[in-house]
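Here's a quick tour of one chain, starting from a single residue and then zooming out to the whole fold. Have a look at the model first.

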Amino acid sequence: MEDKKRNILLSAEEISKRIKELGLEISKDYEGKNIYVLSLLRGSFIYTADLVREITVPTQIGFMTTSSYGHSETSSGTVKVVNDIPDNIEGLDVLIVDDIIDTGYTMEFVVNHVKKLGANSVKTCSLLDKPSRRKVDLTPDYTCFEIDDLFVVGYGLNYGEYYRNIPYIFNWEDK
């Protein structure tokens, strides 16, 4: 892919600004609640870290690893739990955070899983939303950016397990 030019879609500054705004919104919505932020690994770890630093209400954080992509650019449609939630979330207000929602299969699966574990409430939050690819009836409760149907990389999103460390979001175009 290094023979292609990077097309920056969202700069580090744009991402940071929007996360600050979203952190304030979430803080207002969760005032007085027992919030548990569930970060879906691996893609959302950078986004989650930045987001929770902008949330002003007491926050517990947990992680869950699911898989539906493998090393592909598209979802297989089958979601499997690689590492489950390590904490008891019964009675907590759970905010599921993911890097991107496209087909919606993973988020739908995790929402149902969290409900079965007795969460008081469940909301969803994504850095990126690709509604044009949605295969299930799901709209994130919170999202930073809606994007077109592009394969994007950076800021936690990977290609073959690389590029997560890039501080902006980009796609490639031929040079």
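## Thr124 and its surroundings

Thr124 sits in strand β6, which covers residues 121-129. Keep in mind that this is a predicted model. Is Thr124 buried or exposed? Its relative accessibility is 4%, and since anything under 20% counts as buried, Thr124 is buried.

So what does Thr124 touch, once its neighbours within four places in sequence are set aside? Earlier in the chain, Thr124 is in contact with Leu95, Ile96, Met107 and Val111. Later on, the partners of Thr124 are Thr139, Pro140, Asp141 and Tyr142.

## The fold around it

Stepping back, the chain has three helices and eight strands. Going along the sequence, they come in the pattern β-α-β-α-β-β-β-α-β-β-β. The radius of gyration is 16 Å, close to the 16 Å the globule rule gives for 175 residues, so the chain is as compact as a globular protein of that length.

The C-alpha trace spans about 50 × 35 × 25 Å along its principal axes. As for contacts with a separation of 6 or more, 67% of them link residues 24 or more positions apart.

## Surface and charge

Of the chain's 175 residues, 47% count as buried. The accessible surface adds up to about 9,000 Å², and carbon and sulfur atoms account for 47% of that area.

On the charge side, there are 20 positive and 28 negative side chains. The centres of those two sets lie 2 Å apart.

Terms used
Residues numbered from 1 in each chain as written. Predicted model: local features only at pLDDT ≥ 70, side-chain atom pairs only at ≥ 80, totals over all residues. Heavy atoms only, no water. Helix = DSSP H or I, 4+ residues; strand = E, 2+ residues; numbered from the N terminus. Rg over C-alpha atoms; globule rule 2.2 N^0.38 Å. Buried < 20%, exposed > 50% of the residue type's maximum accessible area, 1.4 Å probe, protein only. Contact = heavy atoms within 4.5 Å. Areas by Shrake-Rupley, 256 points an atom, 1.4 Å probe, with all protein chains shown as cover. Lys, Arg positive; Asp, Glu negative; His and termini not counted. Charge placed at Lys NZ, Arg CZ, Asp CG, Glu CD.
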